[in-house]
Amino acid sequence: MSQRPDVEPIPLVDLRPQYRALRQEIDEAIREGLESGQFILGPQVARLEAEVAAYLGGGAAVGVASGTDALRLALEACGVGAGDEVIVPSFTFVATASMVRQVGASPVFADITPDTLTLDPASVEARVNPRTRAVVPVHLFGAPADVDELGALCRHHGLHLIEDAAQAFGAEHRGRKVGVIGEAGCFSFFPSKTLGAYGDGGMLVGGPAVVDRARLVRNHGSRTRYQYEALGMNSRLDELQAAVLRVKLRRVEEAIEARRKRAALYGQLLADAPVRLPEETPETRHVFSVFTIRTPVRDRVRAALEAARIASAIYYPQPLHHAPIFGGAAESLPHTEQACREVLALPLYPELPDGAIERITAVVRRAC
Ligand SMILES: *Cc1c(COP(=O)(O)O)cnc(C)c1O
């Protein structure tokens, strides 16, 4: 199929309209940051940490360099290390599993449930053994994992529950924000996430002991200069990113509601199409950081979208348990493998115009 040059392309994500809407406040925040001459671990990071903790409604927060580092620091702060096993989904971004390796432990992959595409507690339970130390559910695409079941399972077996909430800032499970339900929660401020910086950034939230440990390790294991209480690293969130994030945090509810509204319109317009739509269970609030449908004719739908100049993406084409870096396990995780064959992410961002969703869904319906 040839592309039609006469129609406007629709990108998967466009970060520019949000900046245009908030330009005055963001420019001002950045200018103040530059004028302050303080760029590392100053008042902006401290204020953002307090504001995020207040927004989430529990625990303490520590700003770090990325969501990836938040995972690494959370594992380390929970005492996960060499010889330990950590149960993670296979249907996730690589960092969920690679950080387990980075602290010297081994990721053990469990399957997902086909409704929410998040960790299946029964599959987790089947993998618990005396070496298991932690479980890391991922609130994938902004849909909360079953933290009630997983929390009960962790308490029963004496395991740490560490939430990978990188895609789910603002998502809720039974009225509680994800990230502060487990012992530690990890957020990413990668620009396209629901709360995004203009560069890399992340945050670890949790109880005082976990956050205190992470605070120490993120800054070379040092509270007093040149005195080292722990083997540390440099994983600090910088002041300019924190200043930008503080502006965006004030508007994050609006941005999430705009995502939810657009997801609902997609749902309406695809209600009778032969595709599987993302599900929101009654006890959760989905934040649709990514809008993902499932279809067995994915290649055909993608080709039709491309011909209509509409972007789409596949998160994730390969299950991590098949990835060579994790040993390419022969074991089968059927729901994960099926999801990898069927998922297709469609354009979604808070400023995506309604007309675009009508155009996109018309193409999807025709292609199915
Ligand atoms: C984005 C993401 C991360 C990593 O976050 P970065 O800030 O990019 O390091 C980890 N886990 C999941 C599920 C993610 O989507």
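Which residue follows helix 2, and what is the sign of its phi? Helix 2 is followed by G57, and the phi of G57 is positive, near 80 degrees. Good morning, colleagues. The model before us is a predicted one, and I shall begin with this helix and its surroundings before turning to the pockets and cavities.

Helix 2 has 14 residues, which at 1.5 Å a residue should span 20 Å. Its end C-alpha atoms are 20 Å apart, so expectation and model agree. The buried residues of helix 2 are Q44, V45, L48, E49, V52, A53, Y55 and L56. These residues cover an arc of only 165 degrees around the axis, and therefore they lie on the same side of helix 2.

Let me step back to the loop that precedes this helix. Both I40 and L41 belong to the loop between helix 1, residues 16–36, and helix 2, residues 43–56. I40 is partly exposed, with a relative accessible area of 44%. Its C-alpha atom is separated by 8.7 Å from that of L240, although I40 and L240 are 200 residues apart along the chain. As for L41, this residue is not a glycine, yet its phi is positive, at about 45 degrees. L41 is also partly exposed, its relative accessible area being 30%.

A word on why such residues deserve mention. Most residues other than glycine have a negative phi, and most peptide bonds are trans.

F288 likewise has a positive phi of about 45 degrees without being a glycine. This residue is found in the loop between strand 10, residues 284–285, and strand 11, residues 291–294. Is F288 buried or exposed? With a relative accessible area of 8%, F288 is buried, because the cut-off for that class is under 20%.

The peptide bond to note is the one between Y315 and Y316. That bond is cis, with an omega of about 5 degrees. Y316 sits in the loop between helix 10, residues 298–307, and helix 11, residues 334–342.

Y316 leads us directly to the largest pocket. Which residues lie nearest the centre of that pocket? They are Q167, F190, S192, K193 and Y316, out of a lining of 30 residues. The tyrosine on the C-terminal side of the cis bond is thus one of the residues nearest the centre of the largest pocket. The space in this pocket comes to about 560 Å³. Two elements give two or more residues to its lining, namely helix 3, residues 67–77, and helix 4, residues 95–102. The largest share, three residues, comes from helix 3. By residue class, the lining of the largest pocket divides into 16 nonpolar, 10 polar and four charged.

Where does the largest pocket lie with respect to the domains? Domain 1, which covers 19–110 + 118–249, and domain 2, which covers 251–367, both give residues to the lining, so the largest pocket lies between them.

The second largest pocket has a volume of about 290 Å³. Its lining consists of 13 residues, and those nearest the centre are N219, S222, R223, T224 and R225. Here the residues divide into four nonpolar, four polar and five charged.

I come now to the enclosed spaces. How many cavities of 30 Å³ or more does the model contain? The count comes to two.

About 120 Å³ of space lies in the largest cavity. It is lined by 16 residues, with L15, Q18, K193, R259 and P350 nearest its centre. K193, then, is named near the centre of the largest cavity and also near that of the largest pocket. Seven nonpolar, four polar and five charged residues make up the lining of the largest cavity. Since domain 1 and domain 2 both give residues to that lining, the largest cavity lies between them.

The second largest cavity has a volume of about 90 Å³. Of its 14 lining residues, T116, L117, F141, P278 and E279 lie nearest the centre. The division here is seven nonpolar, three polar and four charged. Both domains again give residues to the lining, so the second largest cavity also lies between domain 1 and domain 2.

To close, I return to the arrangement of these spaces. The largest pocket, the largest cavity and the second largest cavity each lie between domain 1 and domain 2. Thank you for your attention.

Notes:
Residues are numbered from 1 along each chain as its sequence is written. This is a predicted model: local features need pLDDT of at least 70, side-chain atom pairs count only at pLDDT 80 or more; totals for chains, interfaces and linings use all residues. Side-chain values use heavy atoms; hydrogens and water are left out. On a 1 Å grid over the protein atoms alone, a cavity is a set of points where a 1.4 Å probe fits but cannot get out, and a pocket is an open set with protein on both sides within 12 Å along at least five of seven lines; lining residues have an atom within 4 Å of a point. Grid points are joined across faces, edges and corners, and a volume is the space filled by probe spheres set on the points. Helices (H or I, at least four residues) and strands (E, at least two) are DSSP runs, numbered from the N terminus. Ala, Val, Leu, Ile, Met, Phe, Trp, Tyr, Cys and Pro count as nonpolar, Asp, Glu, Lys and Arg as charged, and the others, Gly among them, as polar. Domain bounds come from an automatic or database domain assignment. Buried means under 20% relative accessible area, exposed over 50%, partly exposed in between (1.4 Å probe, protein chains only). The expected span of a helix is 1.5 Å times one less than its number of residues. The arc is that of the directions from the helix axis to the C-beta atoms.
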